[in-house]
Structures are given as C-alpha cells and as structure tokens.
Amino acid sequence: MQFDTIIRGGTVVTAADTFRADIGISNGRISALGDDLGAADEIIDATGLLVMPGGIDSHVHLDQAGAPGIVMADGFESGTRSAAIGGNTMVLPFCLQQKGQSLREALAAYQAKADGKCYTDIAHHLIITDPTPQVLGQELPALIAEGYTSVKIFMTYDDMKLADREILEVLDVARQHGALVMVHAEGYDAIRFLTERLERDGKTAPFFHGPSRPIPVEREATHRAISFAEIVDTEAMIVHVSNRAAMEEIRRAQQRGQKIYGETCPQYLVLTEKDMDRAGMEGAKYVCSPPPRDSDSQAACWEGLQQGVFEVFSSDHCPYRYEDEAGKLAPKGKQSFRYVPNGIPGIATRMPILFSEGVVKGRIDLNRFVALTSTNHAKRYGLYPQKGTIAVGSDADLVLWDAGREVTITHSLLQDGCDYTPYEGLAVTGWPVRTMLRGETVMTDGQIAPVKGGREMLRAR
Ligand code: DUC
Ligand code: ZN
Ligand code: ZN
C-alpha cells in the first residue's frame, strides 16, 4: 500500500494511550497505525516529537460585532492562522444573533465572512439574544436538525442578557431537539448595581472591572443556570469558569447526577486581578469576563481540570487591539471600565500554556492534556471520532509537539491580528512545531502554508 504521507518515529498520544507508532495518511484521513508502514509520497520524521490530535478550541470569537465603533482584531483568516500556529486544527466561533435579527440571516452573514479563508476547520455555535416565538418554535429546531447543535446564552450585558423565563425556554428547546446550551453565568443586576456604585465613587479605572463582577456574581448566576437546567431536566455547559465557588457549584451538580459540564481558560490559570492594576490604561489589556481572580481561584481551576469537573479547556479568544480607538483604548473606556471592550486574545497560546503549566509541572498527564485540548471538545460538540483522536478512519488533524522546546511567549510569534498578548514574557516549555489539517501541513516551525480553506463542519449530537 502506498500512502500519501507517513509520519515516522513519533510518540503518539491520545486521550487514552501513549505509544510508539508510525501514522499512514491517505486522502486526508488516518489509514494505518503501526511499524514499517512502507512507502509514501511524503515521509515526515517525527523522531523525538509527540504526535497528538490537533487542538480543538471550542470557544473563540472571530469577527463578532460589538458596540458601535469597536472592531474585533481577528477575522477568520488571522484568527485561524494564529490557531494553527498554536497547534489547533479546528475552532468553534460564535455566530451572534442581533436583537430583531433572524438566526438564519445571522448565520448566512457570518458564513460569508468565513468563506474560503480558514487555516483550520470550523463549526459555529449560535448566540441567541432574541428568543422570539419564531426563533424558538421554528428557526432553532430547524437549525439544530441541520447540525447547529450548540447555542450560547448570556445572563448579563445590556444587549444580550436573557430573562430567567427566556433561559428556561431556550433550555427546553435544546432539550427537545438535542442541542447543548452554553451559559455565560454572571448576574446582570448585581453587575449594574456594583458598576454604578463604583462609578459614583470615582472608581473608573480598568482595575475596577474586577470589583464590578466579584466571585459571588458568578457563583449566583452559575447556581441559577444549573437550577434552571435541573428544572427543565436538561444538560448545560458553564463556560469560562474563573473561581472555586463556581467550580464547586458545578461539582455539586455533577455529584447529584446532573449533566452539567464545565470549561475554564488560560487566563484563569496564569493571570490575576493584579494584572488589571497597572498604570494608565495598561490594565485594559487584561479586561475580560469573568475577570481573572486570585491565587486560590487559580488553584481551584487546576483542581477542576485535574478532577474532571472541567472537561474542556478553551481560549475564549476575544481579541481587541490595545493601541486602537476601535479596541482597548476606545475613548469611552477612559471614562469608565464598563466601556473597555471585554475580552483578551489567546488562540495560539492556549495549548502551550496548558502543556507547560500542566504537563511539564506535573499537574496533569499527557493524556488528560489531549482530552482537555481536543478529544473532549470533539465529543461534547458532536465531532468525534472524525475529530479529536488518532485512530484509523479519523481525519488526519495532527500536531507535532516538541515537549522540550523552551519559548518565551512574545506577540510576534503568534501571527494574530492583535497588537499584544496578555502572556508577553511568559516562559513555557513545549511548543507545536507542525500542524496538519486533513493530512496537509498548514504550519511548520512557525511558517504558515498558503490558506487552503478549512471546511465548515456540521454536527450530530
Ligand atoms: N464572554 C465571552 O465568552 N467572551 C468574551 C466576553 C464575554 O463576556
Ligand atoms: Zn461569555
Ligand atoms: Zn467567549
């Protein structure tokens, strides 16, 4: 048998096993695992490297509309390029429904932005901000049937928050039609109350973003979301969990037998509220929601990853340029933290940070690393086993990883559309040296191949 490609001499790591094998690839799929596979058009030497399923980042924002005058720093081309630099082969960005807009319209417009411009495969979650009877009764069920099987809802933000009754209704439609609801769990009224009080006291610098949404704000909303899922008798994913109290709410729900899943992100492992306490507007570089917290919160997020309370580790890449009036230095942001665009970049740094801080420092093993960065995303979002593993028949979406390479993170390595990284100067051990999408190399040693056009994947859950 003649393969298109053989990856020879590497150590294969899946969520379950670590073993020595060569990988044969034909027509974009893995067609053999073994020794002495024979001939191929291309032989890739992976001696000394780990060969893992390409990263799947199931929580990213690309080219998403925000407040007037604010522009996200990455579209599909730069966002997926940076994803490939960081060892990812698939990302799941959010298609935002504006109030008054139909979901179909929102999706068609969003798909047009992605068309042909991706270095990775993609699939879309739907953000529902306007759950009208038409959306809930017709559009959403039809879209779920077509493979749009995950939706995100917000419990805060003026233009996005759903009322409790609306949350219950979205959960119920998801239950009936087989979709997963992802919840942004921070309580709107408490944030408004605290924000207005801080502003009255003249506490308007970026640092006060943290105090405007402290841990109880997240804990209360997490508890409410979990209770609603219980009332409806359905599952839910609590995204971007930042602290112990919220993690414990999820753990308790799991112990009761509820299907509540958890996600955390790099910012909750290596940043704290102190990062927002910098001179001038510099703290704006770290403003994201929920905000980074303190060292006990970091420890709790590690516990959640180690013990399986969190099943996915995502970037929540939500990039705004710093030196830019359409970004973090938006004029109104100088009046109050509440107008600073909310989100930080991290699509390329997600896997290196978890590898270095997790695997190299002995907090998690290699197989859990693969589960948290790839396999569990594929399973939860209906992509497995086409994506998320190394097995005969799966797509040849792979990352070759140099476990000993020492890199100091600096923005110029990342090839995104932003102008900074919140992880500037962080020293990591372990770095992706080749990313392959459906058998084709899209990145080698930081060099990106011409865009081939990743595909949009539909999903069955
Ligand atoms: N929620 C996200 O998921 N990302 C950025 C900002 C936010 O509120
Ligand atoms: Zn969110
Ligand atoms: Zn997000």
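Here are some questions and answers about the metal sites and the bound ligand in this predicted model.

This is a predicted model, in which local features need pLDDT of at least 70 and side-chain atom pairs count only at pLDDT 80 or more, while totals for chains, interfaces and linings use all residues. Residues are numbered from 1 along each chain, chains are lettered from A and ligands numbered from 1 in the order written, and side-chain values use heavy atoms, without hydrogens and water.

Q: What makes H59, H61 and D316 donors of the zinc ion (ligand 3)?
A: A donor is an N, O or S atom within 2.8 Å of the metal (3.2 Å for Na, K and Ca), and water is not among the atoms, so a site may look incomplete. H59 (NE2), H61 (NE2) and D316 (OD) coordinate this zinc at 1.9 to 2.0 Å, so they meet the cut-off. Along the chain their spacing reads H-x1-H-x254-D.

Q: Which residues supply the protein donors of the zinc ion (ligand 2)?
A: They are K152 (NZ), H184 (ND1) and H240 (NE2), at 2.1 to 2.2 Å. Their spacing is K-x31-H-x55-H, and the two zinc ions, ligand 2 and ligand 3, are 4.1 Å apart.

Q: Why is H59 called buried?
A: Buried means under 20% relative accessible area, exposed over 50%, and partly exposed in between (1.4 Å probe, protein chains only). H59 has 0% relative accessibility, so it counts as buried. H61, at 4%, is buried too.

Q: What makes K152 a polar contact of ligand 1?
A: A polar contact is a pair of N or O atoms within 3.5 Å; within protein, one must be able to donate a hydrogen and the other to accept it, and residues adjacent in sequence count only if both atoms are side-chain atoms. An N or O atom in the K152 side chain is 2.6 Å from an oxygen atom of ligand 1, so the pair qualifies. Oxygen atoms of ligand 1 also lie 2.4 Å from a polar side-chain atom of Y157 and 3.2 Å from a side-chain N or O atom of H240.
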